[in-house]
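Here are a few notes from my pass through the model, jotted down point by point. Have the viewer open while you read.

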Amino acid sequence: TGGTISGNEAKQGGAMFCLRGTITITGGRIFDNTATSAAGAIYVNGFATTPAGSKDDVSIRKGIVTVQNVDFYGHKAVTGGAFEVGNFGTLNLENCKVHDNIAESIGGGVYINKVSFATLKNVEIYDNEAQTGGGGGLAINVGSDVQAENLTVENNRADGIGGGIYNRGRLELRDSTVRANSTTGNGGGIGTFKTSSIPLSVDAGLFVYDCLITDNRAQKGAGI
């Protein structure tokens, strides 16, 4: 609870690495950390392989990080400027800000990699950059599931699909704002597409309820 994590460097998880454990963070600041590979701030790894059951079986979710009321900024990584989640890991963010982070490739702010999970409630993701890939603010890979409520994705930049959000998994947006994001590719606000190689029972796609998507820029599909 509280405190500061700053000025650290690692291959994965510049500030923190969670492997099959459970971490809860409340308050404080996490800033200016670096990863030479993935997740400038926090890497969450469930370290699980695809089970025989459904993705909804919570027993397979071994790496869980829950964060409330924390400001994440100034992080750098190759993928996932601030966060990366993989292998059935779970990230829960509430009342957090993720801003001014850089990924050399995909997911300038947050990268939910293959077959992972996230809930984002009252979260602001802004002024992040994916320099050579998609998802300037948020990137969601194959088989992953993200639930977002009152999410703001604003003024993020990418050089691939999705200036604000890149989605290859399942994304549900409720009462959220996607504004003033840009990309040199397609999908200024949200770039989304389905894939034929989705594992388990993920109902992939984009589901939008009572959201504002405005003032985004792209070659094609400025909004979506």
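1. Let's start with L206, which sits in strand β28, a run covering residues 205-209. Keep in mind that this is a predicted model.

2. Is L206 buried or exposed? Neither, quite: its relative accessible area is 23%, so it counts as partly exposed, given that buried means under 20%.

3. As for company, leaving aside residues up to four places away in sequence, L206 makes contact with N167, L171, I190, T192 and I224. L173 is worth a look too: it is 33 residues from L206 along the chain, and the two C-alpha atoms are 7.9 Å apart.

4. Now the sheet. An open sheet is built from 8 strands with parallel pairing, and the order reads β1-β5-β9-β13-β17-β21-β25-β29. At its edges are β1 (4-6) and β29 (212-214), each with pairing on one side only. On average, and ignoring direction, neighbouring strands here are turned by 5° against each other.

5. For one pairing in detail, take β17 (residues 124-126) and β21 (residues 152-154): they run parallel and are joined by 3 bridges. If you want a specific pair to click on, Y126 has E154 in β21 as its bridge partner.

6. Which residues have the most contacts inside the largest nonpolar core? They are I42, F72, F83, L91 and L93, in a core of 36 residues.

7. I42 deserves its own point. Again not counting residues up to four places away in sequence, I42 touches M16, I25, I30, V65, F72, A82, F83 and E84. Two of those names, F72 and F83, also appear among the core residues with the most contacts.

Technical notes: Residues numbered from 1 in each chain as written. Predicted model: local features only at pLDDT ≥ 70, side-chain atom pairs only at ≥ 80, totals over all residues. Heavy atoms only, no water. Helix = DSSP H or I, 4+ residues; strand = E, 2+ residues; numbered from the N terminus. Buried < 20%, exposed > 50% of the residue type's maximum accessible area, 1.4 Å probe, protein only. Contact = heavy atoms within 4.5 Å. Pairing = 2+ DSSP bridges. Axes fitted to C-alpha atoms, helices over the stretch in contact; angles between N-to-C directions. Core = buried A, V, L, I, M, F, W, Y, C linked by side-chain atoms within 4.5 Å.
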